[in-house]
Amino acid sequence: MPGRPDDMARQFERDRPRLRAVAYRILGSLSEADDALQEAWLRADRADTSGVDNPSGWLTTVVARVCLNLLRTRDTRREEPLDDGARTRVSGTGADPAEEAQLAEEVGIALLIVLDTLGPAERLAFVLHDMFDVPFDDIAAMLDKTPAATRQLASRARRRVRGVPAPAADLPRRRRAVDAYLAATRGGDFDALVALLHPDVVLHADAAVVPTPEPFAVSGVEPVARGAMASMARARFTGAVLVDGRVGLAMAEHGRLRVVLRFDFAADGRITGIDVIAEPARLNELDITGIG
(Lines give C-alpha, C1' and ligand atoms only; values in the text may rest on other atoms or scores of the structure.)
Protein backbone atom coordinates (compact mmCIF):
# COMPACT_ATOMS: atom_id res chain seq x y z
CA MET A 1 0.00 0.00 0.00
CA PRO A 2 1.23 3.52 -0.66
CA GLY A 3 3.12 4.90 2.27
CA ARG A 4 4.97 7.79 0.65
CA PRO A 5 3.64 10.71 -1.38
CA ASP A 6 5.34 9.46 -4.54
CA ASP A 7 3.61 6.08 -4.13
CA MET A 8 0.19 7.71 -4.11
CA ALA A 9 1.20 9.95 -7.02
CA ARG A 10 2.03 6.89 -9.10
CA GLN A 11 -1.23 5.26 -8.06
CA PHE A 12 -3.15 8.39 -9.04
CA GLU A 13 -1.58 8.38 -12.51
CA ARG A 14 -2.36 4.69 -12.98
CA ASP A 15 -5.98 5.32 -11.98
CA ARG A 16 -6.35 8.63 -13.82
CA PRO A 17 -8.39 7.26 -16.79
CA ARG A 18 -10.89 5.60 -14.45
CA LEU A 19 -11.03 8.58 -12.09
CA ARG A 20 -11.65 10.90 -15.04
CA ALA A 21 -14.41 8.61 -16.26
CA VAL A 22 -16.03 8.69 -12.81
CA ALA A 23 -15.81 12.47 -12.62
CA TYR A 24 -17.17 12.97 -16.13
CA ARG A 25 -20.21 10.80 -15.54
CA ILE A 26 -20.97 12.51 -12.25
CA LEU A 27 -20.51 16.03 -13.61
CA GLY A 28 -21.33 15.64 -17.31
CA SER A 29 -18.65 18.18 -18.24
CA LEU A 30 -15.15 17.25 -19.35
CA SER A 31 -13.57 20.50 -18.22
CA GLU A 32 -15.25 20.27 -14.82
CA ALA A 33 -14.14 16.64 -14.56
CA ASP A 34 -10.53 17.68 -15.16
CA ASP A 35 -10.89 20.45 -12.56
CA ALA A 36 -12.27 17.90 -10.10
CA LEU A 37 -9.29 15.60 -10.69
CA GLN A 38 -6.89 18.46 -10.03
CA GLU A 39 -8.66 19.34 -6.79
CA ALA A 40 -8.80 15.67 -5.78
CA TRP A 41 -5.06 15.31 -6.31
CA LEU A 42 -4.36 18.39 -4.17
CA ARG A 43 -6.41 16.83 -1.39
CA ALA A 44 -4.75 13.45 -1.79
CA ASP A 45 -1.29 14.98 -1.82
CA ARG A 46 -1.95 16.73 1.51
CA ALA A 47 -3.50 13.69 3.19
CA ASP A 48 -1.81 11.09 5.36
CA THR A 49 -2.26 7.91 3.31
CA SER A 50 -0.09 5.61 5.40
CA GLY A 51 -3.16 3.72 6.62
CA VAL A 52 -4.91 3.40 3.26
CA ASP A 53 -5.43 -0.27 2.41
CA ASN A 54 -7.22 0.22 -0.91
CA PRO A 55 -5.62 3.22 -2.66
CA SER A 56 -7.77 2.94 -5.81
CA GLY A 57 -10.96 2.88 -3.76
CA TRP A 58 -9.71 5.73 -1.58
CA LEU A 59 -8.90 7.89 -4.62
CA THR A 60 -12.32 7.15 -6.09
CA THR A 61 -13.87 8.37 -2.84
CA VAL A 62 -11.83 11.57 -2.90
CA VAL A 63 -12.83 12.30 -6.50
CA ALA A 64 -16.48 11.50 -5.80
CA ARG A 65 -16.56 13.84 -2.79
CA VAL A 66 -15.09 16.67 -4.85
CA CYS A 67 -17.67 16.06 -7.58
CA LEU A 68 -20.49 15.95 -5.04
CA ASN A 69 -19.45 19.34 -3.71
CA LEU A 70 -19.44 20.73 -7.25
CA LEU A 71 -22.92 19.37 -7.91
CA ARG A 72 -24.24 20.86 -4.70
CA THR A 73 -22.95 24.31 -5.63
CA ARG A 74 -24.74 24.32 -8.98
CA ASP A 75 -27.49 26.53 -7.61
CA THR A 76 -27.66 28.46 -10.87
CA ARG A 77 -27.05 25.57 -13.24
CA ARG A 78 -30.13 26.40 -15.34
CA GLU A 79 -30.21 30.12 -14.75
CA GLU A 80 -27.63 31.10 -17.35
CA PRO A 81 -28.89 32.26 -20.78
CA LEU A 82 -28.02 30.20 -23.82
CA ASP A 83 -25.40 32.55 -25.25
CA ASP A 84 -21.69 32.37 -25.95
CA GLY A 85 -20.83 33.91 -22.60
CA ALA A 86 -22.78 31.26 -20.77
CA ARG A 87 -21.06 28.52 -22.74
CA THR A 88 -17.67 29.96 -21.82
CA ARG A 89 -18.57 30.10 -18.14
CA VAL A 90 -19.99 26.60 -18.10
CA SER A 91 -17.12 25.02 -19.99
CA GLY A 92 -14.62 25.95 -17.29
CA THR A 93 -11.05 25.44 -18.39
CA GLY A 94 -12.07 24.91 -22.02
CA ALA A 95 -12.04 21.22 -22.89
CA ASP A 96 -11.61 20.30 -26.54
CA PRO A 97 -15.14 20.45 -28.03
CA ALA A 98 -14.44 17.53 -30.35
CA GLU A 99 -13.23 15.36 -27.47
CA GLU A 100 -16.22 16.38 -25.37
CA ALA A 101 -18.64 15.53 -28.18
CA GLN A 102 -17.00 12.15 -28.75
CA LEU A 103 -17.06 11.30 -25.05
CA ALA A 104 -20.71 12.35 -24.79
CA GLU A 105 -21.52 9.97 -27.66
CA GLU A 106 -19.61 7.14 -25.99
CA VAL A 107 -21.32 7.59 -22.64
CA GLY A 108 -24.72 8.32 -24.18
CA ILE A 109 -26.11 11.79 -24.69
CA ALA A 110 -29.59 10.81 -23.52
CA LEU A 111 -28.08 9.34 -20.34
CA LEU A 112 -26.19 12.57 -19.62
CA ILE A 113 -29.36 14.58 -20.19
CA VAL A 114 -31.38 12.52 -17.74
CA LEU A 115 -28.54 12.55 -15.19
CA ASP A 116 -28.65 16.35 -15.27
CA THR A 117 -32.26 16.21 -14.03
CA LEU A 118 -31.29 14.23 -10.92
CA GLY A 119 -30.37 15.64 -7.53
CA PRO A 120 -26.70 15.42 -6.49
CA ALA A 121 -27.20 12.47 -4.13
CA GLU A 122 -29.24 10.48 -6.65
CA ARG A 123 -26.73 11.14 -9.39
CA LEU A 124 -23.76 10.13 -7.27
CA ALA A 125 -25.45 6.96 -6.00
CA PHE A 126 -26.47 5.85 -9.49
CA VAL A 127 -23.18 6.61 -11.22
CA LEU A 128 -20.94 5.06 -8.58
CA HIS A 129 -23.02 1.93 -8.03
CA ASP A 130 -24.56 1.18 -11.41
CA MET A 131 -21.69 2.32 -13.59
CA PHE A 132 -18.60 1.64 -11.43
CA ASP A 133 -19.74 -1.08 -8.98
CA VAL A 134 -18.92 0.94 -5.86
CA PRO A 135 -20.63 -0.75 -2.87
CA PHE A 136 -23.59 1.03 -1.32
CA ASP A 137 -21.85 1.03 2.07
CA ASP A 138 -19.04 3.16 0.63
CA ILE A 139 -21.42 5.52 -1.17
CA ALA A 140 -23.54 5.87 1.98
CA ALA A 141 -20.50 7.14 3.88
CA MET A 142 -19.92 9.82 1.24
CA LEU A 143 -23.54 10.97 1.42
CA ASP A 144 -23.85 10.65 5.20
CA LYS A 145 -26.84 8.33 4.72
CA THR A 146 -27.67 4.73 5.54
CA PRO A 147 -26.96 2.04 2.92
CA ALA A 148 -30.72 1.43 2.65
CA ALA A 149 -31.40 5.10 1.94
CA THR A 150 -28.58 5.12 -0.61
CA ARG A 151 -30.10 2.11 -2.36
CA GLN A 152 -33.36 4.02 -2.64
CA LEU A 153 -31.56 7.00 -4.17
CA ALA A 154 -29.97 4.79 -6.81
CA SER A 155 -33.27 3.03 -7.46
CA ARG A 156 -35.11 6.31 -8.07
CA ALA A 157 -32.35 7.48 -10.40
CA ARG A 158 -32.43 4.14 -12.24
CA ARG A 159 -36.16 4.46 -12.92
CA ARG A 160 -35.66 7.91 -14.45
CA VAL A 161 -32.70 6.78 -16.54
CA ARG A 162 -34.47 3.70 -17.87
CA GLY A 163 -37.76 5.53 -18.27
CA VAL A 164 -41.25 4.18 -18.68
CA PRO A 165 -42.58 3.53 -22.19
CA ALA A 166 -45.17 6.07 -23.24
CA PRO A 167 -48.68 4.64 -23.61
CA ALA A 168 -49.07 5.75 -27.23
CA ALA A 169 -49.31 2.76 -29.54
CA ASP A 170 -47.29 4.58 -32.21
CA LEU A 171 -44.33 5.33 -29.93
CA PRO A 172 -41.86 3.35 -32.10
CA ARG A 173 -42.88 5.29 -35.23
CA ARG A 174 -42.55 8.61 -33.43
CA ARG A 175 -39.18 7.56 -32.04
CA ARG A 176 -37.98 6.78 -35.57
CA ALA A 177 -39.19 10.19 -36.79
CA VAL A 178 -37.43 12.01 -33.96
CA ASP A 179 -34.23 10.01 -34.51
CA ALA A 180 -34.40 10.82 -38.21
CA TYR A 181 -34.92 14.52 -37.43
CA LEU A 182 -31.83 14.51 -35.22
CA ALA A 183 -29.75 12.61 -37.80
CA ALA A 184 -30.76 15.03 -40.56
CA THR A 185 -29.95 18.03 -38.38
CA ARG A 186 -26.55 16.64 -37.38
CA GLY A 187 -25.69 15.74 -40.94
CA GLY A 188 -27.00 18.94 -42.49
CA ASP A 189 -29.33 16.91 -44.75
CA PHE A 190 -31.91 19.54 -45.68
CA ASP A 191 -33.90 17.30 -48.04
CA ALA A 192 -34.20 14.52 -45.45
CA LEU A 193 -35.42 17.02 -42.89
CA VAL A 194 -38.01 18.47 -45.28
CA ALA A 195 -39.39 14.97 -45.88
CA LEU A 196 -40.11 14.60 -42.16
CA LEU A 197 -42.14 17.80 -41.89
CA HIS A 198 -45.84 18.28 -42.60
CA PRO A 199 -46.66 21.13 -45.01
CA ASP A 200 -48.46 22.96 -42.19
CA VAL A 201 -45.64 22.54 -39.66
CA VAL A 202 -45.21 25.33 -37.12
CA LEU A 203 -42.23 25.83 -34.82
CA HIS A 204 -42.66 27.79 -31.58
CA ALA A 205 -39.60 28.95 -29.62
CA ASP A 206 -39.42 30.83 -26.34
CA ALA A 207 -37.40 33.99 -25.86
CA ALA A 208 -34.36 32.16 -24.45
CA VAL A 209 -33.72 30.01 -27.51
CA VAL A 210 -31.87 32.55 -29.69
CA PRO A 211 -32.23 34.71 -27.46
CA THR A 212 -34.86 37.21 -28.62
CA PRO A 213 -36.92 39.83 -26.76
CA GLU A 214 -40.10 37.79 -27.27
CA PRO A 215 -41.11 34.22 -28.16
CA PHE A 216 -41.47 33.65 -31.89
CA ALA A 217 -43.03 31.23 -34.36
CA VAL A 218 -41.95 29.97 -37.78
CA SER A 219 -44.31 28.19 -40.16
CA GLY A 220 -43.81 26.26 -43.37
CA VAL A 221 -41.56 23.35 -44.26
CA GLU A 222 -38.55 25.22 -45.67
CA PRO A 223 -38.36 27.98 -43.00
CA VAL A 224 -38.61 25.38 -40.20
CA ALA A 225 -35.99 23.18 -41.90
CA ARG A 226 -33.63 26.13 -42.33
CA GLY A 227 -34.01 26.94 -38.64
CA ALA A 228 -33.12 23.36 -37.75
CA MET A 229 -30.03 23.52 -39.94
CA ALA A 230 -28.86 26.50 -37.89
CA SER A 231 -28.68 24.26 -34.82
CA MET A 232 -26.21 21.73 -36.22
CA ALA A 233 -23.62 22.53 -33.53
CA ARG A 234 -26.13 21.96 -30.73
CA ALA A 235 -27.24 18.69 -32.33
CA ARG A 236 -23.91 17.09 -31.39
CA PHE A 237 -25.00 17.24 -27.75
CA THR A 238 -28.64 16.29 -28.34
CA GLY A 239 -30.37 12.98 -27.66
CA ALA A 240 -33.83 11.42 -27.73
CA VAL A 241 -35.68 11.33 -24.40
CA LEU A 242 -39.24 11.24 -23.09
CA VAL A 243 -40.54 14.73 -22.39
CA ASP A 244 -43.68 14.57 -20.26
CA GLY A 245 -44.18 11.04 -21.55
CA ARG A 246 -43.76 11.95 -25.23
CA VAL A 247 -40.76 11.36 -27.48
CA GLY A 248 -38.67 14.50 -27.79
CA LEU A 249 -35.12 15.79 -28.00
CA ALA A 250 -32.98 17.45 -25.37
CA MET A 251 -29.61 19.16 -25.57
CA ALA A 252 -27.18 19.14 -22.66
CA GLU A 253 -23.99 20.94 -23.65
CA HIS A 254 -21.20 20.55 -21.07
CA GLY A 255 -23.51 18.44 -18.94
CA ARG A 256 -26.20 21.08 -18.44
CA LEU A 257 -29.71 20.77 -19.82
CA ARG A 258 -30.13 23.70 -22.20
CA VAL A 259 -32.83 23.09 -24.81
CA VAL A 260 -35.77 20.70 -25.18
CA LEU A 261 -37.82 20.02 -28.31
CA ARG A 262 -41.36 18.69 -28.04
CA PHE A 263 -43.04 17.35 -31.18
CA ASP A 264 -46.58 16.99 -32.49
CA PHE A 265 -47.36 14.53 -35.27
CA ALA A 266 -49.94 14.12 -38.02
CA ALA A 267 -51.74 10.83 -38.57
CA ASP A 268 -49.24 9.95 -41.33
CA GLY A 269 -46.31 10.34 -38.91
CA ARG A 270 -44.98 13.64 -40.23
CA ILE A 271 -44.12 16.41 -37.78
CA THR A 272 -46.77 19.12 -37.48
CA GLY A 273 -45.42 21.10 -34.53
CA ILE A 274 -42.15 21.72 -32.71
CA ASP A 275 -42.00 23.49 -29.36
CA VAL A 276 -38.44 24.64 -28.56
CA ILE A 277 -37.93 25.32 -24.85
CA ALA A 278 -34.89 27.02 -23.33
CA GLU A 279 -36.23 29.24 -20.55
CA PRO A 280 -34.93 27.88 -17.22
CA ALA A 281 -38.32 28.04 -15.50
CA ARG A 282 -39.96 26.05 -18.30
CA LEU A 283 -37.14 23.49 -18.39
CA ASN A 284 -37.50 22.91 -14.65
CA GLU A 285 -41.19 22.09 -15.12
CA LEU A 286 -40.56 19.31 -17.64
CA ASP A 287 -40.51 15.63 -16.70
CA ILE A 288 -37.56 14.19 -18.63
CA THR A 289 -36.73 10.50 -18.51
CA GLY A 290 -34.99 7.91 -20.61
CA ILE A 291 -36.91 5.97 -23.24
CA GLY A 292 -37.68 2.53 -21.89
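## Strand β4 and its neighbours

Strand β4 is mostly covered, with 7 of its 8 residues buried. The model described here is a predicted one, and β4 is a useful place to begin reading it. The strand spans residues 246-253 and is joined by 6 bridges to strand β5, residues 256-265, the two running antiparallel. Within this pairing, the bridge partner of Met251 in β5 is Val259, while Glu253 has Arg256 as its bridge partner in β5. The hairpin of β4 and β5 has 2 residues between the strands, and in this hairpin His254 takes a positive phi near 55 degrees.

Strand β3, residues 238-243, also pairs with β4 in the antiparallel sense, again over 6 bridges, and here the bridge partner of Leu242 in β4 is Val247. These two strands, β3 and β4, likewise form a hairpin with 2 residues between them. Asp244 lies in the loop between β3 and β4, and its phi is near 55 degrees, a positive value in a residue other than glycine. Asp244 counts as partly exposed because its relative accessibility is 38%, which falls between the limits of 20% for buried and 50% for exposed.

## The sheet as a whole

Strands β3, β4 and β5 belong to an open sheet of 7 strands, whose order is β2-β1-β6-β5-β4-β3-β7 and whose pairing is mixed. The edges are held by β2 (216-219) and β7 (288-289), each of which has a single partner strand, so that one side of each is left without a neighbour in the sheet.

## Helix α8 and its two faces

Helix α8 covers residues 136-143, and among its residues Phe136, Ile139, Ala140, Met142 and Leu143 are buried. These five lie on the same side of α8, because they cover an arc of only 160 degrees around the axis. The face turned away from this buried side carries the exposed residues Asp137 and Ala141. What covers the buried residues of α8 includes three other helices, namely α3 (55-72), α7 (120-132) and α9 (147-162).

Positive phi values are found on either side of this helix. Before it, in the loop between α7 and α8, lies Asp133, a residue other than glycine whose phi is positive and near 60 degrees. Asp133 counts as exposed because its relative accessibility is 66%, the cut-off for that class being over 50%. Just after α8, Asp144 takes a positive phi of about 60 degrees.

## Enclosed space

How many cavities of 30 Å³ or more does the model contain? The count comes to 3, and the second largest of them holds about 50 Å³ of space. Its lining is made up of Tyr24, Gly28, Glu100, Ala104, Ile109, Leu112, Phe237, Ala252, His254 and Gly255. The elements that give two or more residues to this lining are α5 (97-107) and α6 (109-116).

By residue class, the lining of the second largest cavity divides into 6 nonpolar, 3 polar and 1 charged. One of the lining residues, His254, is also the residue with a positive phi in the hairpin of β4 and β5, which links this cavity lining to the part of the sheet described at the start.

Methods. Residues numbered from 1 in each chain as written. Predicted model: local features only at pLDDT ≥ 70, side-chain atom pairs only at ≥ 80, totals over all residues. Heavy atoms only, no water. 1 Å grid on protein atoms, 1.4 Å probe; cavity = no way out; pocket = protein on both sides within 12 Å on 5 of 7 lines; lining within 4 Å. Points joined across faces, edges and corners; volume = space filled by probe spheres on them. Helix = DSSP H or I, 4+ residues; strand = E, 2+ residues; numbered from the N terminus. Nonpolar A, V, L, I, M, F, W, Y, C, P; charged D, E, K, R; others polar. Buried < 20%, exposed > 50% of the residue type's maximum accessible area, 1.4 Å probe, protein only. Arc of directions from axis to C-beta. Contact = heavy atoms within 4.5 Å. Pairing = 2+ DSSP bridges.
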